[in-house]
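Here are some brief notes on side-chain pairing and helix packing. Please read them with the model open.

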Amino acid sequence: MISKIELQSLLIEAIIFHGGKATIVEICKYIWNKYKNQLENSGDLLYTWQYDIRWAATQLRHKGILKSTSESSKGIWFLSEEYYKKIQSK
């Protein structure tokens, strides 16, 4: 079972998998392929998760984990340089 809050970490995981940047389609395909069973057992989230992933992106932008929309290419979500460097050093 996945919660709306947990979508933030899944979003980060998907972008890391794609090298620090990804389209919403790439992100959603990654999450669906990897977490399909958990999503299917998450109640109403099964029907709203693709909308909720956008909410998660907004939350991550407020935290400085994702670049703002003004700093990103249209349709591509980027991890901030600071966050990406931080995870690379681990």
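1. Start with Glu13 and Lys34. Their side chains form a salt bridge, with an N to O distance of 3.1 Å. Glu13 belongs to helix 1 (residues 7–17) and Lys34 to helix 2 (residues 24–40), so this pair ties together parts 21 residues apart in sequence. Bear in mind that the model is predicted.

2. Is this pair buried or exposed? Glu13 is partly exposed, at 23% relative accessible area. Lys34 is also partly exposed, at 47%.

3. How many salt bridges are there? The count is two. The other pair to inspect is Glu81 with Lys67, whose side chains meet at 2.7 Å, N to O. This pair links distant parts of the chain, 14 residues apart. Glu81 sits in helix 4 (residues 81–88), while Lys67 lies in the loop between helix 3 (45–62) and strand 2 (76–78).

4. Accessibility deserves a check here. Glu81 is partly exposed, with a relative accessible area of 43%. Lys67 has 15% and counts as buried, because the cut-off for buried is under 20%.

5. Now the packing of helix 2 and helix 3. Their axes come within 11 Å and cross at roughly 145 degrees. The crossing is right-handed. Helix 2 contributes Ile24, Ile27, Cys28, Ile31, Trp32, Leu39 and Glu40 to the contact. From helix 3 come Leu45, Leu46, Trp49, Gln50, Ile53 and Arg54.

6. What is the make-up of that contact of helix 2 with helix 3? Its residues divide into 10 nonpolar, one polar and two charged.

Definitions and conventions:
Residues are numbered from 1 along each chain as its sequence is written. This is a predicted model: local features need pLDDT of at least 70, side-chain atom pairs count only at pLDDT 80 or more; totals for chains, interfaces and linings use all residues. Side-chain values use heavy atoms; hydrogens and water are left out. A salt bridge is a side-chain nitrogen of Lys or Arg within 4 Å of a carboxyl oxygen of Asp or Glu. Helices (H or I, at least four residues) and strands (E, at least two) are DSSP runs, numbered from the N terminus. Buried means under 20% relative accessible area, exposed over 50%, partly exposed in between (1.4 Å probe, protein chains only). Axes are lines fitted to C-alpha atoms, for helices over the stretch in contact, and angles run from 0 to 180 degrees between N-to-C directions. A crossing is left-handed if the near helix is turned anticlockwise from the far one by less than a right angle, and right-handed if clockwise. Contact means heavy atoms within 4.5 Å. Ala, Val, Leu, Ile, Met, Phe, Trp, Tyr, Cys and Pro count as nonpolar, Asp, Glu, Lys and Arg as charged, and the others, Gly among them, as polar.
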